[in-house]
Amino acid sequence: MISRRRISRRWLQSAALALAVIVFMGAGDDSARFKDLGHRMMCTCGCGQVLLECNHVGCQSSDKMRDELQAALDKGGSNNDDLILQGFVQEYGPTVIAAPTTTGFNRVAWIMPFVALALGIAFVVYVVRSWKNRPEPALADGITIPRGSELDEFRRRARKETDL
Amino acid sequence: MSQIGSFALLLALGLSAYSFLAGFLALFRRDAASARLGETARRAGIATFAAVLLAGIVLVVAAFNDDFSIAYIFHHSNRELPAAYKFAVLWSGQEGSLLFWSLLLAGYGFVLRLRYKTDQRLFAYASVIIASVQVFFLLILNFAAHPFAIMQGSLPADGTGLNPLLQYPEMVIHPPMLYLGYVGFTVPFAFALGALIMKYPGEKWIQITRRWTMVTWCFLTIGVFLGAHWAYAVLGWGGYWGWDPVENASLMPWLTGTAFLHSVMMQEKRGMLKVWNMSLIFATFLLSMLGTFLTRSGVISSVHAFAQSSIGTWFLVFIGLTLAVCTFFLIANRSHLKSEHKLESLVSRESSFLFNNLLLLVVCFTILWGTFFPILSEFVQGHKVTVGPPFFNRVAIPVAMLLLLLTAVGPLLAWRKTSVESLKRNFLFPAIGALAIGGMMILFGVRPWEDPSYFYATMAAILSALVIFTVISEFVRGGRVIAGKSHQNLIGAMIHLCHRNTRRYGGYIVHFGVALVIIGILGTPFNKEVEKEMGFGDKISIGPYTLVCQSYTQDDNPNYANEWAIINVFRGGKQITTMYPERRFYKASGQPQTLPRIYPSFREDLFLVTDVYLVYEGKNETTGKPIIKAHLNPLVPWIWIGLIIMVFGTIVALVPNAAVVQVAVPVPARTPAQVGAGD
């Protein structure tokens, strides 16, 4: 009979193995990394395209850069994605990376659109509130504007009579 | 020839300057002579069109006559260039495109000045403002970017030819459409600024401007999509939008123009958002100018850019002056722009328009910010950074999802207030249908939790389906009511319904088209590609297709030499088509160009249509075999179909509403009640 302790140990080992498989699943997939990194860099031939989408006929730059990228991935070991990109930056300059990094002043590039969205939402909420609190426009004597349930009743009747 | 063209441009400058100055004086003088002065200004504006048209005709004739004594013709044409592309020489270079811009502006001004009796005073203000813009462009043409400059030295035997990338049928249409859009926004801008300056009473100026704005928006939409289709069909990278600065420059005024077309309805119906609408149309015009500045100044590098030149400074000064004038009058006359009503509920069409505008403006700001950030980075950090597709996709796509949700929900909210019962009635079945689409995607193997791109694809599918189902339900519900009362069939009743309110239902059709475009885009994460050297009989397997190289060969004509492969396409063991991916070498310019071939699988896949996209990437110089890159791009054809639907919807919206027919109904006479009876 297997002891409870041994069963628990087996479960823990299985969970650890499953976790390792999940965590390291992408690490071994070099073609996916090649595709991902190739879309995070720009071709330096002046076409203005990301590296893997350079449409320049006979482009020397993209062929050379793709070979370098493949070589970096084949090197393996401690060569993670950030180190590979850093290598390209050292060789080709910061403009080789297709989007601003999230360090230093470049962080501002990412933050500003969401700041604009937040400010815009705040502005819209302010405008809606100020419109709702606006005083009623002055009307001629004897005219009243239906409100609340009275207005809802008028709307229900209008909808029923027009059926639209 | 060049002297005629130069004279025409100088004459046009003089006429437009007179039109501006005389028109300006006529507006502010209050004596008997001002009407006559205003009339001469109007006629000078009309004559400007004739002068600019003459200059345009001279340039086109010079291209057809291979007059290489004109530097512009030498640099953009050659003897063997086909006739259609010789016509396109007019807009293929910096100077010619500025002349084309000026011509279109003069054309719009010509039509406006002929229709001045609609509202003489307002049209007079608009005419003066258009004349001022015309003066700016003609100053550039005459002094900074002259299209009729003469070649120095001996007369060359032949020109350097048109850029090979422009030698494609769509490039004959794309720039005119784009410019009709860019230039066209000058007209609603002129009306808006004129209405503000003269403190125009009421909202009639919007009704006058509405058609101009919709036509302009339609042209810009066609121009933007034609550019995307050209990139897809010619550039050979399998994509259609690269977030290039010049592409972004065309999208920004489109976004603010779209926001204006929506929020202007609030001003018409409820007298609200007046300051906002003024600001929007000013921003749209300024962004059109900014786009022109981006393309021509060399400030930002782009594959679309014309050569770097000094005219960037001219545009900056003009944009600055225009901004100053608009801001001055917005502040000075703000009391004239007070809103007339209050908002009653957050769940109302008014609120949905506000949020619609907010989201469109956030996307526009994001694009503007990303386009100019490299310059800001250089100023702050001392070096440029690239702001490319990963940035724009990551920021714009989530906001676009929210916009799509509003596209579905907004039109079905009532003015002032919408009840919960109404929301349930309008959205229950479309929402169930949309969620079912999402469920089907997951059933067919899409895993939105695995990758952000799959998540956004699923969300886009659900929201596009929601838009489509809500539009269909609106047509069906309204059609059923009319069918019941008029005893027509449902289709006839829906057409009748549409004709009774073309603006509303035309707008629904445009939304339908937008949803189809989104469906076309959401297939991107599922693209496949394979690249392989292919000799006789060699095969590529991609998706359900097998591509077999039947042969490869070369050809030659006076304009270019080319190499192409003959690829048979099989599916399920049966040949469905033959494709001929090609690479050309243009002799005049010495530039190569690939020409992809595209087969949309409508017959095989129906609604899940996929483009089979083949590119002749190059040739193995050792073996002589072609290197073929095969792409499978699911759903892309829906983008172009969506554009057609959007244009159709805009045309429907421009059609006048059906006249309401008054029918006399006999009522039996009654005996009048006696006074005091019943007391």
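Start where the two chains meet: across the interface of chain A and chain B, there are zero salt bridges by the rule used here. Keep in mind as you click around that this is a predicted model.

**Stop 1: the interface**

Color the two chains separately and select the residues in contact. You should pick up 45 residues from chain A and 50 residues from chain B. Together the chains bury about 4200 Å² between them, and carbon and sulfur atoms give 69% of that area.

**Stop 2: chain A by itself**

Now hide chain B. What elements is chain A built from? Six helices and zero strands, so to speak a plain run of α-α-α-α-α-α from the N terminus on. Of its 164 residues, 27% count as buried. Take the contacts in chain A between residues at least 6 apart in sequence: 41% of them join residues at least 24 apart.

Next, select A:Lys64 and A:Glu91 and show their side chains. They form a salt bridge, with the closest N and O atoms 3.2 Å apart. A:Lys64 sits in helix α3 (residues 60-75) of chain A and A:Glu91 in helix α4 (residues 81-92) of chain A, so this pair links distant parts of the chain, 27 residues apart. Are these two buried or exposed? Neither, quite: A:Lys64 is partly exposed at 42% relative accessibility, and A:Glu91 is partly exposed too, at 44%.

**Stop 3: two salt bridges in chain B**

Bring chain B back and go to B:Asp66 and B:Lys86. Their side chains meet in a salt bridge, 2.9 Å from N to O. B:Asp66 is in the loop between α2 (33-64) and α3 (71-76) of chain B, while B:Lys86 is in helix α4 (residues 83-92) of chain B, so the bridge ties together parts that are 20 residues apart in sequence. Check the surroundings of each: B:Asp66 counts as buried at 15% relative accessibility, and B:Lys86 is buried at 7%.

Then jump to B:Glu268 and B:Arg503, another salt bridge, whose closest N and O atoms are 2.8 Å apart. Here helix α10 (residues 245-270) of chain B supplies B:Glu268 and helix α18 (residues 502-522) of chain B supplies B:Arg503, so the pair ties together parts that are 235 residues apart in sequence. Before moving on, add A:Glu68 to your earlier selection: salt bridges that share partners join A:Lys64, A:Glu68 and A:Glu91 into one network. Over all chains, the count comes to 19 salt bridges.

**Stop 4: the nonpolar cores**

Which residues have the most contacts inside the largest nonpolar core? Select B:Phe191 and B:Phe282, in a core of 154 residues. Helix α9 (residues 204-234) of chain B gives the largest share of this core, 14 residues. Zoom in on B:Phe282 and show what it touches beyond its sequence neighbors up to four places away: B:Phe189, B:Ala192, B:Leu193, B:Leu196, B:Cys326 and B:Leu330. A second, separate core has 36 residues, including B:Leu412, B:Val446, B:Ile482 and B:Ala483.

**Stop 5: the sheet**

Finish in chain B with an open sheet of four strands, in the order β1-β10-β9-β8 with antiparallel pairing. The edge strands are β1 (528-533) and β8 (597-600) of chain B, each pairing on one side only. From one strand to the next, the twist averages 15°. For a last close-up, follow β8(B) alongside β9 (residues 610-619) of chain B: the two run antiparallel and are joined by four bridges. Select B:Arg597 and look across to β9(B), where its bridge partner is B:Leu614.

Notes. Residues numbered from 1 in each chain as written. Chains lettered and ligands numbered in written order. Predicted model: local features only at pLDDT ≥ 70, side-chain atom pairs only at ≥ 80, totals over all residues. Heavy atoms only, no water. Pairing = 2+ DSSP bridges. Axes fitted to C-alpha atoms, helices over the stretch in contact; angles between N-to-C directions. Core = buried A, V, L, I, M, F, W, Y, C linked by side-chain atoms within 4.5 Å. Buried < 20%, exposed > 50% of the residue type's maximum accessible area, 1.4 Å probe, protein only. Contact = heavy atoms within 4.5 Å. Buried area = accessible area lost by both parts, 1.4 Å probe. Salt bridge = Lys/Arg side-chain N within 4 Å of Asp/Glu carboxyl O.
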